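Reader: I am new to this structure and would like to be taken through it by questions and answers. Could you show it to me before we begin?

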Amino acid sequence: MSQAETKKTTWGPREEHTLINHHLRRLDAPEKVTGRAKYTHDVHLPGMLYGRVLTSPHASAKVTNLDTSAAEAMPGVKAVVKLYSDEKGLKYEGDPVAAVAATSPELADDALRAIKVTYEKLPHVVTPKDALRKDAPEVYKGGGKGNLRQSGSRGDLDEIKGIMAKCDVRVEGEYSTPIMHHVCLETHGVVVDYRGGDTATVWASTQGTHSVPEDAQKALGLKNRNAVTVLVDYMGGGFGSKFGLMLPGEIACKLSLIAKAPIKMMFTRHDEFVAAGNRSGCSVKLKLGANKDGKLVAMQSEVVRLGGLEQGAFAGLPYVYNVENVYSTAAALHTHQDGSVAMRAPGHVQASFVMEAAVDEMAAKLNIDPLEFRKMNLKDTAYHRQLDKGAEVIGWNRRPKKAGETPLVGAFKSCKRGMGCAVGTWGGGGYASCVVDTFIHSDGSIATQVGTQDLGTGTRTYIAAILAEEFGLPMSAVEVRIGSSKYGMSVPSGGSTTTASLAPAVKESTTLAKRLFFEKVAPMLGVKPENLTAKGGKIFVQGQPDKSLTWKQACKVLGRDNIAAQGKWNAELQGDGLHGVHFAEVEVDTETGAVQVIKMVGVQDCGLPLNRTAVESQMNGAMIQAIGYALLETNIPDPVTGNMVNANMDDYKVPQAFEIPEMIPVIDDGDTRNVVIGMAEPAIIPGAGAIANAVFNATGVRIKSLPITPDKILRGLERLKRS
Amino acid sequence: MSMKSFELRNPKSLGEAISLLDSNDKFHERTKILAGGQDLLTEMKEHIIEPEVVVNLKSIPGLNYIKFDPKTGLKIGALTHLADIAADKNVRQFFPALAIAAESVGSAQIRNMGTIGGNLCQRPRCWYYRNEHLVCLKKGGKNCLAASGENKYNAILGGGPSFIVHPSDTATALSALGATLTISGAKGTRTVPISKFFVLPRDNPRNENILLPNEVVTEISIPNAPRNARSVYFKFREQVSMDWAMSAVAVALELSGGKVTDCRIVLGGVAPTPWHVPDAEALLKGKAPTAEVLQQVAEKALEGAIPLNQNGYKVGLTKALVRRAVRYLTETATPPPYRDVNRM
């Protein structure tokens, strides 16, 4: 066994990186900005049909008559499927009833409208208030159990009540967050190319290239997963909502089995709002007790998750804080709404907002700087480091020391400025699954391939960076192949696990490829493989830079042979456990209730950053999404009709240019762990809390329910004036 | 999203266009006028309406113009694009409220396509009206679903039986500028002051204006009154980048010796029509706009507001906008430069 074989793979010293941990331009940026990048939405195949799904306009109903004959008789309509069954019923607005495939999107739309459906409306509940009513219709028939399903408790209530009573100071509140939508730029969907026979190809807008083949194989009744090739060259955002074949994919497969032709089935924006999943809301009663010296002592909480037909998500309280005495309960409250799915840091965004609001209030009540108060109650010193850094960057000392006591500014001297901060945590570790192959040929071509996907996080670019750095080549000299289920296994991009699962396997693959390559090249230079170094486009003998070969010369040694090196996960190259803080400065117009975020600072650790530009971009994107969550975005269900009244991009408001402030993403280089950790999700967690706390600091008004809209601010100011 | 099939007609003259419109189409459902299409086509794609015939005004020459004469004032052809109005030198100098209102509409793409005539005649944005599956009062149903539903954005003034707010920004501005509309129909041409153009739901729950099914707005005319050069449109948006007015105020006034000698104040986004407040104007006329006077004017402007269960905030918000608009116009000696004050 040579020396090189026994040597453990590491990322190497930070100062020696030439590409990793640098600011790298996204490899596919030119394709994306010029429109050359082809997304599933852009796929057009000869003879392709367009699928559309008819969804329930009612929150709760049954179908008493479903007549598809007129649609089937239309020329150009090639397949119609009924998706309703009496057993299933219709349990949410958006529940599929039937689907069609036709030769044009317009015809498919006309065919949907030709389907005659008679609905019998059933009683529904779409708001927490209605769902909790004694006489509320049960979403899941459970023998009178109602819609609230307890899912556990911890602690001893009586004991905690006793400790709480002895606390010097207590704060208490009811907090809520809305159901939010992912609003992926590319809606959910697939193109299924199955024309009969043994194989199929599926283009999918998915976060998991390898999460689709088995689903598709089963849906199409094919032999095994290898019968299906899944292609994900580019995908337009997922945020947790796109794994597996999903509803549009399942329907497309059904249609293609009938039509024996390629089916394109992309959700419309309306479908997307009512049937593609969402981030669960919450409603939380929280009580905190502290001592005069600023130590949190006790917490009592009652968490209700609002996940529609699903369970919803909520991270445990007291979240990141150190509170010894805790009593908490959790429950899911069901409504007739599309079920929640994962969305960027599920459970954490909700828990952080709730906990951070209460912590902030406690600090104010104790008259302690909210930043110092956090440090007093956070054990992990990484937070202390990040809070200090964020405070310095935003200028924390500029904030009003007492909430609301600040000069009026703005064109009409009606605005107040304030600052807030909040904290979040995440795992971000990986697991064994990825299989990465690297190939070198005698013409100098070098490629790494793996069946992963780039959902905007920059996977493609950092694979190239790892490979190019390994061989001392520019990124333009290497090739990266991803987005096909015909390449090696890779994890679905959920839970920010991709980097920590994939990058170690890439590193192992490139390290092995280099070792095998050096073994071939070494005899040409008359040295041992371990004496070789690859740098600056050359292979040379360490300490003797004149004894060298250019990359192309060195590759010639391969002749008709090539290098094929497979790498798998190495736990030592990745880590787990992330910290992040956000600071926000806001300007609140006390006459109109408008909240403008002026400046936002994020500080985030991630171990060894693979591409600093990509990490900063994730932080910027997360801050923008957090602004939407804090100030604008909410699913509005109408209790009377049962409909989501704002299921369109006009009434569902997302941040646009004027909503976006100066943003400063700070990578926490105080984190010296020499391992990679996924960070795209944690980057959003503390945002809403920081903004809500800044609103309090500016005005003295504590808004406990998101989003913080002008009407809530005006009502809050009104209450404050009266008290 | 596809529309239901319809017949597209491209008339060569106004007379031909009018002859193509069905005079018996009481609720303007069967034959529709197409100008910029920014509202009509959306309604058709979403199947809020499914007309049989669409009469395209763009095939008629001579309806797209902006003419200014200091003596006769401003004349705008109904097919003039909002973007052109917002950019017009004379509009910006002598009728800034209109330029600001036009600039505040939707997105650049919408302003490039959307016309002033279409903007005035657009249908309500109420989400119950815009849901294909719901039959609200506006679509011939029995009840206004917003009245006891999700009504954060609905009317606090002039509501009942429908509680829509009129969505047009330019309508509010033009009301403050004292515009007159020229309307062509089968019996010829009539001119009406804009204050008589819009109708409350209590008078007509289905249509927002006086147009007969076979009538077309062809021209908007604004007098070159001195007060119009000192005018502003304040539009408060929840989503600043692009949104409808949560509340809006248009004010035009004349200032002499520190006193307001003439003024018009019109509220938008709070009522089913632009909401003219003459009693509030009376409190301002002849006075210096002190904080105390502004408070009285704002209170008077919102007198009679009856909020629904979710839109009480609009009362305070609108009062603030009234005070602001007057302050903006009176705190400097010369008319202030054109500026979208919502994005200050």
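The exchange below takes up domains, a sheet and some backbone details.

Author: This is a predicted model, in which local features need pLDDT of at least 70 and side-chain atom pairs count only at pLDDT 80 or more, while totals for chains, interfaces and linings use all residues. Residues are numbered from 1 along each chain as its sequence is written, and chains are lettered from A and ligands numbered from 1 in the order in which they are written.

Reader: Which helix supplies the largest share of the side of domain 1 of chain A that touches domain 3 of chain A?

Author: The domain bounds, which come from an automatic or database domain assignment, give domain 1 of chain A as 3–37 + 430–573 and domain 3 of chain A as 281–428 + 575–722. Counting two residues as in contact if their C-beta atoms, placed from the backbone, lie within 7 Å, 22 residues of domain 1 of chain A are in contact with 21 residues of domain 3 of chain A. Helices (H or I, at least four residues) and strands (E, at least two) are DSSP runs, numbered from the N terminus, and both α13 (459–470) and α14 (498–525) of chain A supply at least two residues of that side of domain 1. The largest share, four residues, comes from α14(A).

Reader: In the open sheet of five strands in chain A, which are the edge strands?

Author: Two strands pair if DSSP finds at least two bridges between them, and the order of this sheet is β6-β14-β13-β12-β7 (chain A), with mixed pairing. Each edge strand pairs on one side only, and these strands are β6 (148–154) and β7 (169–177) of chain A.

Reader: What is the bridge partner of A:Y175 in β12(A)?

Author: Strand β12 (residues 281–290) of chain A pairs with β7(A) in the antiparallel sense, over nine bridges. Within β12(A), the bridge partner of A:Y175 is A:V284.

Reader: Where is the cis peptide bond whose omega is about 10 degrees?

Author: The proline of this bond, A:P318, lies in the loop between β13 and β14 of chain A. The cis bond itself joins A:L317 and A:P318.

Reader: Is A:A345 buried or exposed?

Author: A:A345 is not a glycine, although its phi is positive, at about 65 degrees, and its place is the loop between β14 and α10 of chain A. A residue is buried if 20 or more other C-beta atoms lie within 10 Å of its own, exposed if 12 or fewer, and partly exposed in between, with C-beta atoms placed from the backbone. Because A:A345 has 29 C-beta neighbours inside 10 Å, it counts as buried.
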